[in-house]
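Please look over the sequence and the model shown here before reading on. The report is written for a reader who meets this structure for the first time.

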Amino acid sequence: MSSQPTGGQPDSKGRIKIVHIYPREMSIYGDLGNTRCLASRLRWHGYEPVVHQHHPGNDFPADAHLVLGGGGQDSGQARVQDDLAHNAGALRALAADGTAMLMICGMYQLFGNAFITIEGERLPGIGVLDVTTQGNAKRMIGPVVLDTAYGDVVGYENHSGSTELGSGQQPFGRVKSGMGNNGTDKTEGAVTGNVFGSYLHGPLLPANPSFADALIRLAVERALGEPFVPGHVDDEIADQARTRQVRRLIG
Ligand code: GLN
């Protein structure tokens with residue numbers, strides 16, 4: 001159980017620290033919306049979210065309960081390289097300790113072993129996920145439906161990178177519609193412990209509340225050392241949006 005900061009809202013069930021890594025360099029196609037979604041859902045469940053933005057040049061906060069990262073152009077990934085290398089040890093330690101993390105697209109690739117760009121530049125990853133990505137001329141773009149442990153999950157992909165999973169690396173989901181990791185093996189994303197990687201933008205979480213709450217449950221139970229106590233949240237609109245995309249793409 002990690003340290004619980006004192007103070008906070010008197011009627012709060014507890015304070016949960018969300019860290020958004022590189023919000024300037026790595027947040028495209030609405031990925032910042034994942035942080036906002038989790039902060040809102042934590043409030044709706046009666047917890048108090050504290051959102052911290054990690055920018056290059058700082059030490060990564062060791063008291064993070066939930067870490068989020070978004071997508072970015074190859075140039076953005078190159079710009080965060082030095083800071084990622086500097087904070088790799090801290091991120092690996094948090095991951096090994098069970099911190100819930102969601103890395104989207106460009107940050108998913110950099111949580112892997114490496115991303116080799118279409119120009120042949122090798123951007124080393126921090127190796128939390130056993131995946132390796134090669135950039136291609138033909139981008140993989142479009143809406144996606146996955147089959148996951150959280151039911152159907154929908155989103156939008158736009159990446160040049162084709163990702164291969166190492167042997168034994170668990171995917172996040174199976175592709176029902178879309179390209180996923182590489183357009184061939186029907187896998188999408190990767191999961192190691194409580195670290196999730198996915199190509200799905202949108203943002204991903206608002207239309208997939210059961211997965212959002214799964215991340216919240218992991219963060220709350222690790223932060224507070226007690227079971228997650230959900231509040232009553234009306235997800236009617238989110239469920240309609242997801243069902244509509246599923247119907248549109250796979251009938
Ligand atoms: N630059 C990476 C690629 O093209 C990631 C793109 C993204 O984050 N959407 O594959």
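What follows is a short report on a predicted model, arranged by topic.

## The ligand and its surroundings

The ligand is surrounded by 16 residues, and the closest of these are Gly72, Asp74, Gln77, Cys105 and Gly161. When the residues of this shell are sorted by character, eleven are polar, three are nonpolar and two are charged. Several polar atoms of the protein can be placed beside particular atoms of the ligand. A nitrogen atom of the ligand has a polar side-chain atom of aspartate 74 at 2.6 Å, while an oxygen atom of the ligand lies 2.9 Å from a polar backbone atom of glycine 161. Arginine 139 also takes part through its side chain, in which an N or O atom is 3.4 Å from an oxygen atom of the ligand.

The ligand taken alone would expose 300 Å², and the protein buries 100% of that area. Two or more residues of the shell are given by each of helix 2 (74-79), helix 4 (106-110) and strand 8 (151-165). Of the elements that contribute, strand 8 supplies the largest share, which amounts to four residues.

## Glutamine 77 in helix 2

Glutamine 77, which is one of the residues closest to the ligand, is found in helix 2. With a relative accessibility of 1%, glutamine 77 counts as buried, because a residue under 20% is placed in that class.

The side chain of glutamine 77 has polar partners within the protein as well. One of its polar atoms lies 3.1 Å from the backbone oxygen of glycine 106, and a polar contact of 2.8 Å joins the side chain of glutamine 77 to the side chain of glutamine 109. Once neighbours within four places in sequence are left aside, the residues in contact with glutamine 77 are Met26, Gly72, Gly106, Gln109, Leu110, Phe115 and Leu123.

## The cysteines

How many disulfides does the structure hold? The count is zero, and the position of cysteine 37 can be examined with this in mind. The closest cysteine sulfur to that of cysteine 37 belongs to cysteine 105, but the two are 19 Å apart, which is too far for a bond because a disulfide requires sulfur atoms within 2.5 Å.

Both of these cysteines can also be described by their accessibility. Cysteine 37 counts as buried at 12% relative accessibility, and cysteine 105 counts as buried at 6%. Cysteine 105, which is among the residues closest to the ligand, lies in the loop between strand 4 (100-104) and helix 4.

## Proline 61 and lysine 17

Proline 61 is found in the loop between strand 2 (48-54) and strand 3 (66-69), whereas lysine 17 belongs to strand 1, which covers residues 15-21. Although proline 61 and lysine 17 are 44 residues apart along the chain, their C-alpha atoms are separated by 9.7 Å. Proline 61 counts as buried at 11% relative accessibility, and lysine 17 is buried too, with a relative accessible area of 18%.

The contacts of these two residues can be listed with residues up to four places away in sequence not counted. On that basis, proline 61 touches Lys17, Val19, His52, His54 and Leu94, while lysine 17 touches Val50, His52, Pro61, Asp63, Ala64, His65 and Leu66. His52 therefore appears among the contacts of proline 61 and also among those of lysine 17, because each of the two has heavy atoms within 4.5 Å of it.

## Backbone features

Where in the backbone does a cis peptide bond lead from a glycine to a proline? The bond from glycine 202 to proline 203 is cis, with omega near 10 degrees, and proline 203 lies in the loop between strand 12 (195-198) and helix 5 (209-224).

Positive phi values in residues other than glycine are a further point to look for in the model. Tyrosine 22 has phi near 50 degrees and is not a glycine; tyrosine 22 lies in the loop between strand 1 and helix 1 (32-44), and at 0% relative accessibility it counts as buried. Cysteine 105, already described above, likewise has a positive phi, of about 45 degrees, although it is not a glycine.

Methods: Residues numbered from 1 in each chain as written. Predicted model: local features only at pLDDT ≥ 70, side-chain atom pairs only at ≥ 80, totals over all residues. Heavy atoms only, no water. Near = heavy atom within 4 Å. Polar contact = N/O pair within 3.5 Å; in protein donor to acceptor, adjacent residues only side chain to side chain. Areas by Shrake-Rupley, 256 points an atom, 1.4 Å probe, with all protein chains shown as cover. Nonpolar A, V, L, I, M, F, W, Y, C, P; charged D, E, K, R; others polar. Buried < 20%, exposed > 50% of the residue type's maximum accessible area, 1.4 Å probe, protein only.
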